[in-house]
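Here are my notes on the model you sent, set out as numbered points. Please read them with the coordinates open.

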Amino acid sequence: MMKFGLLTAILDGWSFEEAVDTAAEMGFKCLEVACWPAGKAERRYAGVSHIDAERVCADDEYAKYVKDYVAGKGMSISSLAFYPNTMDPDLEKRSSAIAHLKALIKASQKLGVGMVSTFIGRDQHKNLEENIELFKEIWPDIIALAEDCGVKVAIENCPMLFGADQWPGGQNLMCTPVIYRKLFEIIPSPNFGLNFDPSHYVWQGLDYLKTVYEFKDRIFHIHFKDIKLYPEKLAECGVLAYPLDYMSPKIPGLGDVDWGAFISALNDIRFEGCAVIEVEDKAFESCREDILNSIRLSKRYLDNFII
């Protein structure tokens, strides 16, 4: 039976304790905890840090406190979350992202979580073949560390291609089944898999049900997020436009994902990992109560499909 939880990135401004308490009060069983390094966010929903990974590695008392606080609320941590661009063309940013990701892997081991969720990254100005070569340079070392630590690395399939700042190639290579196959062939490690989000398939015209069945052994973690496609806008601007010109992220139930079919497929493959709500809906951002309502509404809807 899958565990139902929440990604804490939407709770920007909440303390670690407040985020845990909020999720526990709503009845969630697990948390994907946002663990960006301290500092200003470079984009929406990034830069949030509810656990300090470097401090976990260095401070046994802090690590124990984090573990005990979550367990005391009857929950578990599903994954430590950090979604950077580890293949950024800016070498300083790339190096910083890789260093923090490695710290998360070590922190995940120390906390007994055993999972880190992230992006592969991408140099948006290079073509697919050049990015695959870059992947070969960067990622074997990261996955080798994960293997040594007994930690699984779950890559979200978001293309990170929404507007002009991410054009033309996007900032995350691992976004289609064709590319999954290539990267899993390069790094066949059982510690390397997917944090699968069906919403990104809606606007790309991909089949998320087929992916569930084909990659069932590589799906480590699930994101519950929706996307609304606007056919009338797509008919005007076409698929080569910025994706946000013809689609919009939504809370589950307000977009075009067939949640009954998707969760049925997860049940078919006997998925027993963690599936968490990821809120990125601009309609629920005006105040803290709106944010809380977005989580409540998402959970209420998905409770129809999850025991």
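**Notes on the barrel and one of its helices**

1. I begin with a local pairing, bearing in mind that this is a predicted model: Phe4 stands opposite Ala275, which belongs to strand β10. The two strands concerned, β1 (residues 3-7) and β10 (residues 274-277), run parallel and are joined by 4 bridges.

2. That pairing belongs to a barrel into which 8 strands close, in the order β1-β2-β3-β4-β5-β6-β7-β10, with parallel pairing. From one strand to the next, the twist averages 30°.

3. Across two strands of this barrel, β6 (192-196) and β7 (219-224), lies helix α10 (residues 259-268), whose direction makes an angle of about 160° with β7.

4. Helix α4 (residues 91-110) deserves a separate look: its 20 residues reach 29 Å from the first C-alpha to the last, which is close to the 28 Å expected at 1.5 Å a residue. At its start, a side-chain oxygen of Asp90 comes to within 3.0 Å of the backbone nitrogen of Glu92, while after the helix comes Gly112, with a positive phi near 75°.

5. Which residues of α4 are buried? They are Arg94, Ala97, Ile98, His100, Leu101, Ala103, Leu104, Ile105, Ala107 and Ser108. In reading such a list, it helps to recall that an α-helix has 3.6 residues a turn, so residues three or four places apart point the same way.

6. As to what covers these buried residues of α4, the elements include the helices α2 (53-58) and α5 (128-149), together with the strands β3 (76-81), β4 (115-118) and β5 (152-156). Those three strands also appear in the barrel order given above.

Terms used. Residues numbered from 1 in each chain as written. Predicted model: local features only at pLDDT ≥ 70, side-chain atom pairs only at ≥ 80, totals over all residues. Heavy atoms only, no water. Pairing = 2+ DSSP bridges. Axes fitted to C-alpha atoms, helices over the stretch in contact; angles between N-to-C directions. Contact = heavy atoms within 4.5 Å. Expected span 1.5 Å × (residues − 1). Buried < 20%, exposed > 50% of the residue type's maximum accessible area, 1.4 Å probe, protein only. Polar contact = N/O pair within 3.5 Å; in protein donor to acceptor, adjacent residues only side chain to side chain.
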